[in-house]
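The following exercises guide the reader through selected features of a structure. Each task is followed by a solution in steps.

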Amino acid sequence: MRSSTFRTGTNMLVFLGPASFFLVCLLLAPIFVDLVVAFTDMAQTIRINEFTTKQFSKLVRASEDAWLGFELRSSFYRALSLSAVYIFFTLAIFNLTFGLILALTTTALPDWLGGVYRAIWLLPRMSPSVVYALMWIWVVDPTERGLLNQVIGVLGFSPINMKLDAPIVLIVTANGFIGASIGMLILTSSIRSIPEHLFFAARADGAGSLSIVRHIVLPALRWPLSYITVFQFLALLVSFEYIFLIMGPARSTMTMAMLAYTKTLAPDIGAGQYAYGAAITLILIVIGVFVALVLYRLANMTRLLMSPRIEVQ
Amino acid sequence: MANVELRNLTKVWDQVTAVDGINLEIRDGEFLAVLGPSGCGKSTTLFMLAGVYLPSGGDILFDGARVNDVEARSRNVGIVFQSYALYPNMNVLQNIMFPLRFQETRDAAAQAREMAELVQVGELLERRPSQLSGGQQQRVALARALVKQPNLLLLDEPLSNLDATLRLTMRAEIRRITRELAVTTILVTHDQLEATTMADRVVCMNVGRIEQTGTAEDLYLRPDTLFVAGFIGSPPINLIRLQASQRAVLDVPDTAETVGIRPELLHSAETGLPVTVTTVEPMGRETLVTADSDLGPLRFLEATSRPKWSAGDKLHVSFRSQDTIVFDGAGQRMSDLHAAIG
């Protein structure tokens with residue numbers, strides 16, 4: 001009996017040990033550190049002089065008229081709004097809709113052609129971020145050298161400056177073209193796992209291509225779409241890499257994640273406010289957990305994780 | 001309902017010929033079974049009839065009209081798949097009603113309920129496919145295929161996922177329903193019992209070609225080829241390759257290469273061919289005995305549940321000359337020729 005218990009213990013240690021170590025050191029510990037730092041006065045150095053809530057008072061201020069007794073300061077309100085707009089449109093237009101369109105079209109093509117097309121869409125993801133960002137900087141260059149301006153110039157329009165005139169469109173598009181490829185891959189695999197006989201049966205039953213998509217394919221993609229929504233929401237909530245590389249610390253695209261980064265680590269632009277950045281990050285974590293739980297519940301993800309949902313019978 | 005005709009129908013996948021120029025006519029209201037081993041081209045033929053696959057050559061005619069280029073959805077063909085292919089996101093009623101979405105139908109729900117009653121799933125209309133047993137799923141698939149009153153009903157190994165008892169019931173059910181609706185039906189199966197018990201006529205296919213078309217009795221008692229003789233029948237026919245030693249025992253024409261005799265047509269006797277029993281297999285109602293002889297190993301069935309023989313017993317077996325089937329070197333049956341113990 002003792003040997004069996006010992007063996008169970010060692011097995012747990014061997015199999016779960018590395019994952020637990022990773023979970024604690026790289027996920028839980030940083031959240032804990034962030035929680036502590038958010039309630040300190042840490043700035044410029046990692047020294048803590050006092051524990052305080054003053055970092056949060058930089059984000060909100062007391063207001064007797066407000067429903068909750070406080071209101072958001074404008075910079076924080078702006079960052080929250082920009083994050084919401086950025087996440088919603090990137091997720092809705094690109095990660096879900098465009099990913100779905102890519103998956104549907106590439107699975108309808110002959111195998112080799114679909115494969116080539118998908119590989120092309122994966123190129124941005126395979127390229128270094130800096131290269132991808134540089135490409136976009138060239139595309140939206142406000143002078144006549146910019147690819148976009150060259151194209152619209154041929155069509156007879158005046159040059160535009162997307163960075164100034166449509167910064168959100170720019171970051172949504174740049175992030176979207178990369179994000180769509182993940183949706184495309186997951187949805188392609190899901191479409192391929194729908195039994196071929198269902199398509200044959202639907203055809204014989206009289207369904208056309210659009211009816212097949214509506215009645216056979218989309219219902220089968222409910223679970224993958226739920227997964228992509230939750231996963232990509234969380235990814236977008238904390239992403240700032242391409243925004244920073246393309247736009248820099250511009251106020252027009254200062255999302256929550258960008259704000260946290262610029263206040264803490266971005267050199268020469270007011271960085272070093274570690275406690276303030278930690279407070280913003282803590283709010284991001286709370287929002288992420290809350291929205292993920294809501295989506296988890298709405299999408300009934302528990303069922304998704306319990307048994308394979310792609311299999312039909 | 002329709003007359004269906006296949007003229008020199010061919011399907012080639014890359015370098016492989018799946019269906020090799022078959023010709024066949026199916027009469028209006030007939031129940032035809034296409035029987036053959038895996039990979040013989042029977043399902044490919046079925047899917048060409050359904051419009052799922054395009055033929056590489058030849059013609060498919062429904063009531064004399066060529067339908068090669070007619071899309072599956074416009075052919076008015078009902079199909080039941082081996083997997084049943086029920087739509088998992090729809091309940092039973094929605095599954096049965098699905099084909100009616102694409103037709104101008106006055107009261108689709110009423111028609112679907114009527115069809116559900118016919119196949120006896122009227123109590124299960126609200127259930128999802130995952131909540132049904134194999135037999136129930138099969139009935140729903142049948143109702144879905146029939147609800148639009150198809151010109152042609154195609155059944156692709158519809159019983160192969162059912163247990164033996166249910167299979168027996170569903171065989172009779174499918175036959176009853178197709179007779180009641182008088183729908184032209186083609187059943188594809190590798191199970192000879194299904195084919196011979198359900199169909200008016202059986203087509204036996206091998207490597208993309210039709211080996212023989214006829215009644216179940218024709219295929220069993222008068223197989224045109226060695227393949228049909230070997231494929232039909234369980235336990236399988238005794239096929240005796242004629243070497244010098246066999247010719248010394250049997251009285252057969254010189255041009256004959258193989259002699260076939262069904263196990264149930266061989267019987268133990270006072271005189272005849274001496275054999276030594278090697279194995280005895282009780283099969284319930286009958287006993288299958290395998291014995292060594294000068295003709296090689298022979299199987300024969302005895303109509304008893306209590307084996308009379310055991311391994312090592314020596315006895316004689318005999319058969320009637322007219323029960324033998326003689327094949328030439330090309331594997332074709334030599335009509336009116338038989339073999340006898342010399």
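**Exercise 1.** Determine which residue of β19(B) is the bridge partner of B:G260, and describe the strand pairings around β13(B) in this predicted model.

*Solution.* Step 1. The bridge partner of B:G260 in β19(B) is B:I325. Step 2. This bridge belongs to an antiparallel pairing between β13(B) and strand β19, residues 325-327 of chain B, which runs over 3 bridges. Step 3. Strand β13(B) also pairs with strand β11, residues 238-241 of chain B, in the antiparallel sense, here over 4 bridges. Step 4. Within that second pairing, B:V259 of β13(B) is the bridge partner of B:I240.

**Exercise 2.** State whether the faces of strand β13 of chain B are covered or open.

*Solution.* Step 1. The strand comprises residues 258-261, with B:T258 and B:G260 on one side and B:V259 and B:I261 on the other. Step 2. A residue counts as buried when 20 or more other C-beta atoms lie within 10 Å of its own. Step 3. All four of these residues are buried, and both faces of the strand are covered.

**Exercise 3.** Identify the residues that touch the most other members of the largest nonpolar core, and the helix that gives the most to this core.

*Solution.* Step 1. The core has 118 residues, of which B:A33, B:A50, B:I96, B:A143, B:L154 and B:I186 touch the most other members. Step 2. Helix α4 of chain B, residues 134-146, gives the most to this core, with 6 residues. Step 3. Both domain 1 (4-226) and domain 2 (235-341) of chain B supply at least three residues each to this core. Step 4. Leaving aside residues up to four places away in sequence, B:I96 touches B:A112, B:M115, B:A116, B:V140, B:A143, B:R144 and B:V147. Step 5. Another core, of 39 residues, lies apart from the largest one and has A:V140, A:A257, A:Y276 and A:A278 among its members.

**Exercise 4.** Locate B:P235, B:Q149 and B:V207, and describe the backbone feature of each.

*Solution.* Step 1. B:P235 is placed in the loop between α8 (226-231) and β11 of chain B, and the peptide bond leading to B:P235 from B:S234 is cis, with omega near 0°. Step 2. B:Q149, in the loop between α4 and β7 (152-156) of chain B, has a positive phi near 50° although this residue is not glycine. Step 3. B:Q149 is partly exposed, because 14 other C-beta atoms lie within 10 Å. Step 4. B:V207, likewise not glycine, has a positive phi near 35° and sits in the loop between β9 (201-206) and β10 (209-214) of chain B. Step 5. B:V207 has 15 C-beta neighbours inside 10 Å and therefore counts as partly exposed.

Note on methods
Residues numbered from 1 in each chain as written. Chains lettered and ligands numbered in written order. Predicted model: local features only at pLDDT ≥ 70, side-chain atom pairs only at ≥ 80, totals over all residues. Buried ≥ 20, exposed ≤ 12 C-beta atoms within 10 Å, placed from the backbone. Helix = DSSP H or I, 4+ residues; strand = E, 2+ residues; numbered from the N terminus. Pairing = 2+ DSSP bridges. Core = buried A, V, L, I, M, F, W, Y, C linked by C-beta atoms within 7 Å. Domains from an automatic or database assignment. Contact = placed C-beta atoms within 7 Å.
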